[in-house]
Amino acid sequence: MDTGDKAPDFQLTDETGTLRSLSGFLANGPVVLYFYPAAMTTGCTRESCHFRDLAAEFAGLGAQRVGISADKVDKQKQFSDKYEFDFPLLSDADKSVAKAYGVRRGPGLIPNKRATFVIGSDGLIKAVVRSEINMSAHADKALEALRAVSATET
């Protein structure tokens with residue numbers, strides 16, 4: 001998936017056991033969908049906490065943050081509760097959504113790639129952030145992309 005592509009819709013369960021869909025999120029505005037390899041790991045914790053800490057900036061742009069990994073619902077719940085995330089964490093245990101977005105590394109226990117997709121209300125991908133080592137880049141660059149999109153739409 002790349003900038004300009006139509007983001008694949010999906011339905012996955014969040015950390016509370018609620019079934020959520022991309023189309024449902026998009027009904028409320030742009031979505032920043034970030035894929036992370038594994039809950040409760042050092043890098044993914046830093047990345048997710050950075051998304052959490054920038055809540056006001058994302059809200060100011062009308063954007064929703066949504067995390068997604070192959071972790072099961074109970075692990076997502078543990079992760080969310082421990083770090084007090086104010087956004088949904090989705091369980092893609094079979095990695096089907098990761099595959100649709102081109103971030104699946106392989107079958108079995110191999111974790112997905114770290115990537116962030118900024119998706120406009122129209123369902124089109126406005127920006128993609130790919131960095132395996134810079135945990136802050138995902139939220140920071142997503143905000144930059146949202147600001148750029150906002151500037152061109154006004």
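S69 is found in strand 4, which spans residues 64-69, in what is a predicted model. This serine counts as buried, because its relative accessibility is 1%, under the 20% limit. Its side chain makes a polar contact of 2.7 Å with the side chain of D71. The points below begin with the surroundings of S69 and S91, and then turn to the nonpolar cores, a hairpin, the salt bridges and the cysteines.

**S69 and S91**

- Leaving aside neighbours within four places in sequence, S69 is in contact with Y36, P37, Q76, L90, S91 and D92.
- S91 has its place in strand 5, residues 89-91.
- With a relative accessible area of 9%, S91 is buried.
- D71 appears again here, since its backbone oxygen lies 2.7 Å from a polar atom of the S91 side chain.
- Beyond neighbours within four places in sequence, the contacts of S91 are L12, T13, S69, D71, K72, V73 and Q76.
- S91 and T45 are 46 residues apart in sequence, and their C-alpha atoms are 16 Å apart in space.

**Nonpolar cores**

- In soluble globular proteins, nonpolar side chains tend to be buried together.
- The largest nonpolar core in this model has 21 residues, of which V32, Y36, F51, F58, L89 and V118 touch the most other members.
- Strand 3 (31-35), helix 2 (42-53) and helix 6 (137-153) each supply at least two residues of this core.
- Helix 6 provides the largest share of the core, with 5 residues.
- Another core, of 20 residues, lies apart from the largest one and has A7, V66, Y101 and A115 among its members.
- L89, one of the residues that touch the most other members of the largest core, is in contact with T13, D14, E15, Y34, Y36, G67, Q76, F79 and S80 when neighbours within four places in sequence are left aside.

**The hairpin of strands 6 and 7**

- Strand 6 (residues 115-119) and strand 7 (residues 125-130) run antiparallel and are joined by 5 bridges.
- Within this pairing, F117 of strand 6 stands opposite V128 in strand 7.
- The two strands form a hairpin with 5 residues between them.
- In the turn, G123 has a positive phi of about 85 degrees.

**Salt bridges**

- Side chains of opposite charge can pair when their charged atoms come close.
- A search of the whole structure finds 7 salt bridges, including the three described here.
- D86 forms a salt bridge with R65, and the closest N and O atoms of the pair are 3.0 Å apart.
- D86 lies in the loop between helix 4 (73-83) and strand 5, whereas R65 lies in strand 4, so the pair ties together parts that are 21 residues apart in sequence.
- D86 is partly exposed, with a relative accessible area of 45%, whereas R65 counts as buried at 8% relative accessibility.
- The side chains of R105 and E132 meet in a salt bridge with an N to O distance of 3.0 Å.
- This pair links distant parts of the chain, 27 residues apart: R105 is in the loop between helix 5 (96-100) and strand 6, and E132 is in the loop between strand 7 and helix 6.
- R105 counts as partly exposed at 40% relative accessibility, and E132 counts as partly exposed at 34%.
- The side chains of D122 and K126 meet in a salt bridge as well, at 2.9 Å from N to O.
- D122 is partly exposed, with a relative accessible area of 42%, and K126 is partly exposed, with a relative accessible area of 24%.

**Cysteines**

- A disulfide is a covalent bond between the sulfur atoms of two cysteines.
- A search of the whole structure finds 0 disulfides.
- C44 is in no disulfide, and the nearest cysteine sulfur, that of C49, is 11 Å away.
- C49 is likewise in no disulfide, its nearest cysteine sulfur being that of C44, 11 Å away.
- The 11 Å between the sulfur atoms of C44 and C49 does not meet the requirement that the two sulfur atoms of a disulfide lie within 2.5 Å.
- C44 is buried, with a relative accessible area of 1%, and C49 is buried, with a relative accessible area of 12%.

Note on methods:
Residues are numbered from 1 along each chain as its sequence is written. This is a predicted model: local features need pLDDT of at least 70, side-chain atom pairs count only at pLDDT 80 or more; totals for chains, interfaces and linings use all residues. Side-chain values use heavy atoms; hydrogens and water are left out. Two strands pair if DSSP finds at least two bridges between them. Helices (H or I, at least four residues) and strands (E, at least two) are DSSP runs, numbered from the N terminus. A nonpolar core is a set of buried Ala, Val, Leu, Ile, Met, Phe, Trp, Tyr and Cys residues joined through side-chain atoms within 4.5 Å. Buried means under 20% relative accessible area, exposed over 50%, partly exposed in between (1.4 Å probe, protein chains only). Contact means heavy atoms within 4.5 Å. A polar contact is a pair of N or O atoms within 3.5 Å; within protein, one must be able to donate a hydrogen and the other to accept it, and residues adjacent in sequence count only if both atoms are side-chain atoms. A salt bridge is a side-chain nitrogen of Lys or Arg within 4 Å of a carboxyl oxygen of Asp or Glu.
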